[in-house]
Structure formats: C-alpha cells, structure tokens
Amino acid sequence: MSVQVVSAAAAAKVPEVELKDLSPSEAEPQLGLSTAAVSAMAPPAGGGDPEAPAPPAERPPAPGPGSGPAAALSPAAGKVPQASAMKRSDPHHQHQRHRDGGEALVSPDGTVTEAPRTVKKQIQFADQKQEFNKRPTKIGRRSLSRSISQSSTDSYSSAASYTDSSDDETSPRDKQQKNSKGSSDFCVKNIKQAEFGRREIEIAEQEMPALMALRKRAQGEKPLAGAKIVGCTHITAQTAVLMETLGALGAQCRWAACNIYSTLNEVAAALAESGFPVFAWKGESEDDFWWCIDRCVNVEGWQPNMILDDGGDLTHWIYKKYPNMFKKIKGIVEESVTGVHRLYQLSKAGKLCVPAMNVNDSVTKQKFDNLYCCRESILDGMDGFRLVKLNEVIRQVDIVITCTGNKNVVTREHLDRMKNSCIVCNMGHSNTEIDVASLRTPELTWERVRSQVDHVIWPDGKRIVLLAEGRLLNLSCSTVPTFVLSITATTQALALIELYNAPEGRYKQDVYLLPKKMDEYVASLHLPTFDAHLTELTDEQAKYLGLNKNGPFKPNYYRY
C-alpha cells in the first residue's frame, strides 16, 4: 500500500509571514492577579500528585461491542452443561448432531430421538439492570454519538448516547427546548442528552490537570471578571472543561462550533444545561453553521469584548456583519494555522483593529497539540519517503491525505485518475482542499457506508472512499488525546487573561506570540502529572547564563 501525504511544501507556497515578538520589557506576563495569588498558582515543590480517578473496582463493568447484561460475564460465569454430556451417562446411546443444528440421540436399534435442549440462562446484575432500564424504550432508529474519552473504562461515561428517529428528523432550529432552569438561550440537538455529556466532561477533567489547577488557584481572584467571551471552536468534552474554567474565572461565554461535524451533541447539551449559551450540533448545514455563529454574536443586551477563535470564521463574521463591535473588543486569541494566517493577512492589509494572540505558534502547542493531535501518523509518515508531485503518483496511491491549508489541492482531474478504492481525506482546517463539490454530479453515485464514510462511484464501477466529506478528519471521524488538549486549552485561557488584563498600549493592533514566561508556566502546570521534578538553577548558574532563576529560560524568538 502506498500513502500520499500532500503537505504545504508539496502543494502550494503560502506567503511567508513574520512572527512579531514582544520586546524584552514586555515579556513578563500580566495575569491581573495579586503577588500572593501568583505565588499560590505556582506548582508545588516536588511535583505533587493530581487527584486520582476512582478505583476501578468501584466502577461498573465496561460493556463491549454488542454488550448486554450477559456480555459482561466471564466465560466461566455463563457456562452451562451441554447436551453432549448425556453421551457419557448412557453408553448404549450414540450422540450425533441433527440436521437442523440440534442434538440427537441414536439408540442401538437405530431409533433417532431428539436430545433435550439446554437453555442458557442470562444472569443480570442488579446495577446493570437498573442502568439498562434507564435507556429509552421507544422503537425506532437510534443514532449513535460516540464518546470522546479514550482513557476511561467507565461504562457509563463511555456509553453512547441515544436519540430516537423522530429527534433525528427535526432540525434543532425548529425545536423549543429549555434546560432545567427554564432557559432557552441555546440550540443543541437534544437537551435530554445532558447527563451523558456531563459524564464525558467529568472524565476529561481528570486528564486536564493544568486547567483544573488554574481553576482552583485563580478563581478567588477572578482575573476574567467582566470578560464577555464569544468562542468558535470544536465543541468537545475538552472544550467544555475550558469553557467552565473561563466561567469559574469570572467570564461570561457564548459558544458556536467551528466545524459542522466535530460537535459532540451530548457535551453541547451538558453545557446548555449548565447555563452556557451554546449553539451547535453534529451535522449542521452551511446555513446552520453561520446561523449559530450569528446567534452567539447578535444578542440584545450583550456584546463580546474578547474573541476565542479556531479557524477565523468567527472573526470574519464579526468583521463582515458587525464591524462596530471591535470598538469594545480587547483582543482575539486564535489557535489554528488557518486562523493565524488570516490574522496576518489582516495585519499586513492594515485591517486588524485589535491585538491578536497567536496561540498556534506557542511552543507548548507546537510540541504537543500540533504533533500528537495532527501530525502523529500523518505528516510523520513522510519520513524516509520521496517528495513528489501529486500528478506523478495519483494513479498508484492507496490513500491521499491533504494538510496544506490551501484550496483545490485535490481536483476533479486527480479524483478521476485515482485507482479503485483509493481513500481520500483531509487534515486541514477547512473543507476547501478537496474539490468535493465537483463530485456531486449526475454521472456519479454517492453511497453512504456509515457516518462520515461515503463511496463515490464512477460509471465504470470505480469508487473512491471519501472520509468526512473532505472536512477535518480527526475530530469528524475520531478523537484526539485529552491530556494533549489540556496544554492547548490552558494556553488559550492564559492568552485570554493576558489580553483582557493588559494595560492600554502594551499590545497594538498586531499579531503577537504568547510570552515565553506563559509558555513555560503552562508546561510547569503539567509536570506533576508525570511526577516530574526540575532542578533549580543556582544563583551562580543563573548569572552565568544571564537568566532569571524563575524563567523565562529562552528568548521569545527561540523556536526550540
């Protein structure tokens, strides 16, 4: 099998941009906290252990595929005597299998009689029975929304959430839903899924130690009191932990999804139940996508003063529809390559009217999120391979993965020339890299294999396997490691705190990198999870290197 990965270098040149660093005098972050609070937020000496999850013995058994009450039993527990055991009790009878698959006894005179059939009993534990009784009893098609958590063995939290067929057929925009507090300021697939989503969030909290530490140590100071944050990111359990942390630090939040397929419906429901105005569901249309963003921004009596974006769509929408809002917006925090590129374009054109923080190029995100969430098993697969043009190998490759951030990287001409059963997918943020629109023509047949997997069939029988309709692959079809996202989410939170509390004039209308001091602080918050202990520089060593003993240990321009 051959794999073709189309990278930014191989596909098209993207205009180079200059990263703007803070001057040395501006490198020290201001979190809007008192000296005592900053001291309290410092990681404890010697590491310290994070709170451990509940012991496995206290958790319900995790059901496997096709699980039911009997599936959780060990083979020994469900074993019963077989009919063939009767053969040993009567040597005058021969034992053989009947035509219909049952057991038969043959007597010495040739008479054939059917053997008594044994009935396997299913044992159902009380706690399992109680859980299954909670599930819907309506008959109809059930849609499966998979859990984001990869590490938990908790059958409740990793269980799928179910909705009946009538729910699937109704657009959330046409529903009248309220949470338990009577609020209807949200739009999600089904508010009744909140309990499932809350379990997902609780599991994610266990693997996001830095955010939980930040929430605990800084919530007394409320460094985001008065902040009104409008966000547009993937809505997953990890995002929910970030949002609830921002709320604990004093912020008001309104949120939409940055991708029409990556939202976890149960998590969106849990956030709505908790009082967060969330407008998102899995499988939005393009019109739904922009409608949800507009509902976050255009609300009477509430105007954002901070933007947290992933991809630049929210920022673009405000510039296009509500440019006057930027008079009160203090800054933008952007985490994606695509969104950062758009910000630099605005900056060069002189159209960026507020400071922006480039979280994507912070060291902690580059070394963890961009590696283990995006590059792992994709770009790293280029190691040792020839660098070739797509046109040269398109007839031979078995898998094509785009990850350029550009448009029209894989065209209809490429798709026509691909071999039978070639898998085509995209890891770029936007859905512009593969020309999917060119495949929606009368001569081609689309066959849905399962959610996010389509066969596109040519008249001669050739077919390609298209994943996620050419949209972001990992969060549409799978998931990403929670602990890795803890690092990115903490970086986003600190960037918001920094921009919101920065004195006037510190940041101009430009794009900035996260100060190294903050990068190192994010890393330090995660060290206790590994029981890691750093050696402290002596005064003599610090003087020799020309550094402060407490950091930052590298200049802002250093890329590691």
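## Charges over rings

In this predicted model, the charged end of arginine 254 is parked over the ring of tryptophan 302, 5.7 Å from the ring's centre. Lysine 330 does something similar with tyrosine 500: its charged end sits over that ring, 4.4 Å from the centre.

## Aromatic pairs

How many aromatic pairs turn up when the whole structure is searched? The search finds five. One to look at is tryptophan 290 with tryptophan 317: the ring centres are 5.2 Å apart and the planes meet at 20 degrees, and since stacking is called for planes under 30 degrees apart, this pair is stacked. Tryptophan 290 belongs to helix 10 (residues 286–297) and tryptophan 317 to helix 11 (residues 313–321), so the pair ties together parts that are 27 residues apart in sequence.

Phe289 joins in as well, with ring pairs linking Phe289, Trp290 and Trp317 into a cluster.

## Buried or exposed?

What about cover for the two stacked tryptophans? Tryptophan 317 has 12% relative accessibility, so it counts as buried, because the cut-off for that is under 20%. Tryptophan 290, at 25%, counts as partly exposed, because that value falls between the 20% and 50% limits.

## Helix 17

Helix 17 takes in residues 482–501, 20 residues in total. From first C-alpha to last, helix 17 reaches 28 Å, close to the 28 Å expected at 1.5 Å a residue. Helix 17 is also mostly covered, with 19 of its 20 residues buried.

How values were computed
Residues numbered from 1 in each chain as written. Predicted model: local features only at pLDDT ≥ 70, side-chain atom pairs only at ≥ 80, totals over all residues. Heavy atoms only, no water. Helix = DSSP H or I, 4+ residues; strand = E, 2+ residues; numbered from the N terminus. Expected span 1.5 Å × (residues − 1). Buried < 20%, exposed > 50% of the residue type's maximum accessible area, 1.4 Å probe, protein only. Phe/Tyr/Trp six-rings, centres within 6.5 Å; stacked < 30°, edge-to-face > 60°. Lys NZ or Arg CZ within 6 Å of the ring centre and 35° of its normal.
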